[in-house]
Structure formats: C-alpha cells, structure tokens
Amino acid sequence: MTGVGIVVEYNPFHNGHSYHLKKSKENGDVVIAVMSGDFVQRGEPALLNRWERAETALHEGADIVAELPVFYSVQSAEIFARGSVGILKYLGAEKIVFGSESSDIKKFEKLIALEENKDFTEELQKNLKNGNSYPTAYNNAVQKFLGEDFSLKSNDILGTEYLRAIKFWNAKITPQALKREGAGYHSHDFSGDIASATGIRKLIEDKKNFEDIKKFLPESSAEILFKAVTEKRTADISKFYNLIRYAVLSQKENLKNIQDMETGFDNRLYEAALVCENYKDFLDKIITKRFTIGRVQRVLIHILLGITTEITEDAKKKIPYIRILGFSQKGREYLKNLKNESDIKIITSLKNIQKILSEDERKFLEFNEKAGKIYGIVNPYKNKNIPLIY
C-alpha cells in the first residue's frame with residue numbers, strides 16, 4: 001500500500017481540509033496525517049484537544065493520525081517541518097501533499113538554491129538589522145534577487161521547509177503542492193463555504209450563531225465543535241495568561257535558555273508580566289515590528305512548557321518516538337505490515353512504555369504528556385492510552 005503523508009493541525013477541521021484530504025487520497029492507498037497535539041505552530045493552545053481533533057480526522061477520511069509532539073509543533077517553520085517529515089519518513093510515506101499559495105515546487109527549489117548564495121544571506125541579515133520581522137526580511141531579500149513574483153506567503157514558506165526537511169532526512173518522499181483555494185491561512189474573510197481556521201476561531205470568539213459557522217465545516221467536525229462550544233470546552237491563549245505570567249515571573253533567570261529567546265527580550269517579557277493583568281495589555285506591551293504575534297506567542301508557549309534550546313536541538317537531530325493517536329482498519333493493516341528498519345519506536349499504547357522506550361526517549365514522551373496536562377489545567381479532557389479506531 002502506498003502511504004500519502006499530510007501535515008495538519010485541524011484547528012478546527014473545515015471544508016478546505018476536506019478538499020485537501022480528498023486530493024491526498026487520490027495519490028495513494030493510505031493517508032497518514034501528522035497532526036499537532038494540544039499546542040499548534042502559531043504558538044497557541046489548540047481550540048479542541050488532540051483526541052477530539054484526531055476523531056474528526058478519522059471520520060473525515062484519514063487512515064492514520066500520528067501526533068506531532070509539542071517540541072516540534074510550536075516551533076518555527078523549519079523545525080515544525082523537520083519533525084513532521086521525519087515522522088512521515090519512518091511511517092513509510094512515499095508522498096507528501098501540502099497546501100500552498102503558489103503550488104510551484106520548482107519555485108521552492110529555486111529558493112532553497114538561493115539561500116546558498118552569500119550575497120542573499122548578507123541581504124537577509126541587512127533587512128533583519130533594519131528591524132524587520134524574519135518573514136518580511138526574507139521576502140525583501142528574495143524579491144531583490146528573484147523579482148517581485150517570488151513574494152512568499154505562509155504556506156509557501158512552509159512548503160520550502162518541507163523540501164528542505166526531505167533532504168535533511170534523506171527521505172524518499174515525493175512532494176506535491178496543492179494550490180490553496182478560498183480564504184488565506186490567516187484570513188478573516190469568507191469565500192462561499194470556505195473559511196480559514198483563523199476565521200472560524202474568530203467567529204467562535206465573537207460568539208456568532210453556530211448556524212452561521214456550520215456551513216464552513218463538514219458534519220462530523222461541526223458536531224464535535226458544537227458540543228465543545230456549548231460545554232465551554234474550547235481553548236485560546238488568553239485563558240492561559242495567568243499560567244504564562246507565573247512562568248515568566250518565576251523563571252526570570254532561566255528565560256535566556258528558552259528556545260527562540262533573544263538577548264534583552266527576556267527582560268521585556270519580565271517587565272511586562274510585572275504590570276499587565278490581562279493578556280491583551282501584555283501582548284500590546286511586547287509586540288514590535290520585529291517580533292510578530294506568531295513569534296511572540298511561540299516564545300510564550302515555550303516558556304509555559306519549558307521548551308529550551310537544548311531540548312529543541314536534541315529533537316532536531318532525531319525523532320525520539322512516534323505515537324499513533326488513531327487509525328482506520330486500512331491504517332491498522334498498513335501499520336501491521338510496515339517494515340520499520342530504523343530504531344525509531346512506533347507506539348500505539350502507553351502500556352509497558354518503560355520496556356519499549358529508552359530513558360532518553362521516555363523523557364521526550366513524558367515532556368509531551370506534561371504539555372497535555374498543562375493544557376488540561378485550562379481545558380480539561382480525558383487522556384487516552386490507546387489509539388482511536390474508526
């Protein structure tokens with residue numbers, strides 16, 4: 001059976017994701033979804049917990065849902081992609097299908113080649129020194145060398161990183177870019193029955209009538225999301241502010257060791273945490289032209305969860321384990337017949353985990369499970385020790 005990989009967050013699962021899944025299934029026999037756990041790449045807690053989102057994924061056609069652990073899922077595009085592609089490699093995926101604004105693989109290859117140019121690197125650093133955020137600085141440098149047609153958006157940048165990760169892992173995975181349709185990744189706009197996950201979360205935050213939201217969601221996703229909204233079991237980062245504030249104030253001396261922390265920014269965070277009693281005021285005080293909201297929120301989640309530079313560097317070198325959150329009958333058969341010739345353990349149960357994983361591997365698993373418990377302080381859920389079966 002041919003395994004087709006996709007990298008997802010489903011935060012929440014919407015009609016655009018249905019289209020992506022449908023197109024992915026056309027490329028092979030089994031769709032393997034690597035899905036972020038309880039915290040996602042933009043530096044936020046997921047709207048719904050990992051098990052609810054995995055259940056939706058299986059209902060909507062994914063055959064295997066593997067968790068992208070938190071030490072990958074709340075990182076920059078480079079590390080997020082490296083963890084995702086690494087997991088897909090060891091699950092035997094032969095293809096990866098991802099959404100992209102341009103859907104041009106050759107464009108991504110040109111960008112990767114450009115980054116080996118010393119003049120490009122110097123231009124990028126010049127833009128950063130001028131106070132631009134990394135995405136803006138990168139785009140400016142690219143356009144200087146390749147023209148304005150090479151302007152990049154979120155999914156194009158991530159697509160480039162997927163290609164780079166395939167090369168890093170020496171993975172025999174063929175990339176396929178699927179042109180993104182409808183609303184943009186961070187857009188609050190709507191196009192027919194298509195809305196971005198960001199737009200849907202905004203509608204929920206604004207307490208819009210759920211009947212107005214349902215049209216953007218497949219039936220199973222709408223049912224699970226409606227139940228969570230009704231029971232007030234959705235999460236957003238503002239609800240975690242007291243925990244984040246405590247973490248900043250209590251770890252002042254260790255903030256310098258946190259992943260993505262820049263010199264001086266730790267003091268900025270500490271001073272803001274001393275005086276700001278709500279998340280909005282805190283964010284307003286620390287956001288700058290250079291520090292985008294996504295980057296700032298990632299740093300905050302790193303502080304909350306204790307994601308250090310050391311942990312990140314170790315995770316970048318090797319996938320410590322792969323945990324399966326759920327599978328279909330076809331997915332179960334695929335895993336049963338998978339020839340895993342590496343020493344990467346694929347776990348479907350936490351039973352006897354001390355005998356399965358080494359001490360170092362368990363440290364990563366326990367770190368990820370601790371993150372789930374922290375998520376559960378604000379948005380409680382019942383954890384599961386075995387995969388969902390659909």
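Here are some exercises with worked solutions on a predicted model of a protein chain.

**Exercise 1. Overall shape**

Work out whether the radius of gyration of the protein chain agrees or disagrees with that of a compact globule.

Solution.
- Start with the length: for 390 residues, a compact globule would come out near 21 Å.
- Now take the value for the protein chain, which is 20 Å, so the two agree.
- For the box dimensions, the C-alpha trace spans about 55 × 50 × 45 Å along its principal axes.
- Inside that box sit 19 helices and twelve strands.
- On burial, 54% of the 390 residues count as buried.
- As for contacts with a separation of 6 or more, 75% of them come from residues 24 or more positions apart.

**Exercise 2. Surface and charge**

Find how much of the accessible surface belongs to carbon and sulfur atoms, and how far apart the mean positions of the positive and negative charges are.

Solution.
- The protein chain has an accessible surface of about 18200 Å², and carbon and sulfur atoms hold 48% of it.
- Next, the charges: there are 59 positive and 54 negative ones.
- Their mean positions lie 2 Å apart.

**Exercise 3. Three salt bridges**

Side chains of opposite charge can pair when their charged atoms come close. Take the pairs Asp63 with Lys25, Glu67 with Arg50 and Glu161 with Arg164, and say where each partner sits.

Solution.
- The count for the model is 22 salt bridges, and these three pairs are worked through one by one.
- Asp63 and Lys25 have their closest N and O atoms 3.9 Å apart. Asp63 is in the loop between α2 and β5 while Lys25 is in helix α1, so this pair ties together parts 38 residues apart in sequence. With a relative accessible area of 5%, Asp63 is buried; Lys25, at 37%, is partly exposed.
- Glu67 and Arg50 get to 3.0 Å between their closest N and O atoms. This bridge links distant parts of the chain, strand β5 for Glu67 and helix α2 for Arg50, 17 residues apart. Both Glu67 and Arg50 are buried.
- Glu161 and Arg164 meet at 2.9 Å, N to O. Both are in helix α8, three residues apart, or about one turn of the helix. Glu161 is buried at 14%, whereas Arg164 is partly exposed at 24%.
- One last step: Arg50 and Glu67 also belong to a network of salt bridges that links them with Asp38, Arg323 and Glu369.

**Exercise 4. A buried acid without a partner**

Which side chain of opposite charge is nearest to Asp266, and how far away is it?

Solution.
- Locate the residue: Asp266 is in helix α13, which covers residues 265-275.
- Asp266 is buried, and its nearest side chain of opposite charge is Lys256, 6.9 Å away.
- A salt bridge needs the nitrogen within 4 Å of a carboxyl oxygen, and Asp266 has no salt bridge.
- Beyond its neighbours within four places in sequence, Asp266 is in contact with Leu255, Lys256 and Met261.

**Exercise 5. Around Ile303**

Decide whether Ile303 is buried or exposed, then list its contacts beyond four places in sequence.

Solution.
- Ile303 lies in helix α15, residues 293-305.
- Its relative accessibility is 0%, so Ile303 counts as buried.
- The contacts of Ile303 are Ala247, Val248, Gln251, Leu255, Ile258, Met261 and Leu269.
- Leu255 and Met261 turn up in the contacts of Asp266 too.
- To finish, look along the chain: Asp38 is 265 residues from Ile303, and their C-alpha atoms are separated by 16 Å.

Conventions:
Residues numbered from 1 in each chain as written. Predicted model: local features only at pLDDT ≥ 70, side-chain atom pairs only at ≥ 80, totals over all residues. Heavy atoms only, no water. Helix = DSSP H or I, 4+ residues; strand = E, 2+ residues; numbered from the N terminus. Buried < 20%, exposed > 50% of the residue type's maximum accessible area, 1.4 Å probe, protein only. Lys, Arg positive; Asp, Glu negative; His and termini not counted. Contact = heavy atoms within 4.5 Å. Rg over C-alpha atoms; globule rule 2.2 N^0.38 Å. Areas by Shrake-Rupley, 256 points an atom, 1.4 Å probe, with all protein chains shown as cover. Charge placed at Lys NZ, Arg CZ, Asp CG, Glu CD.
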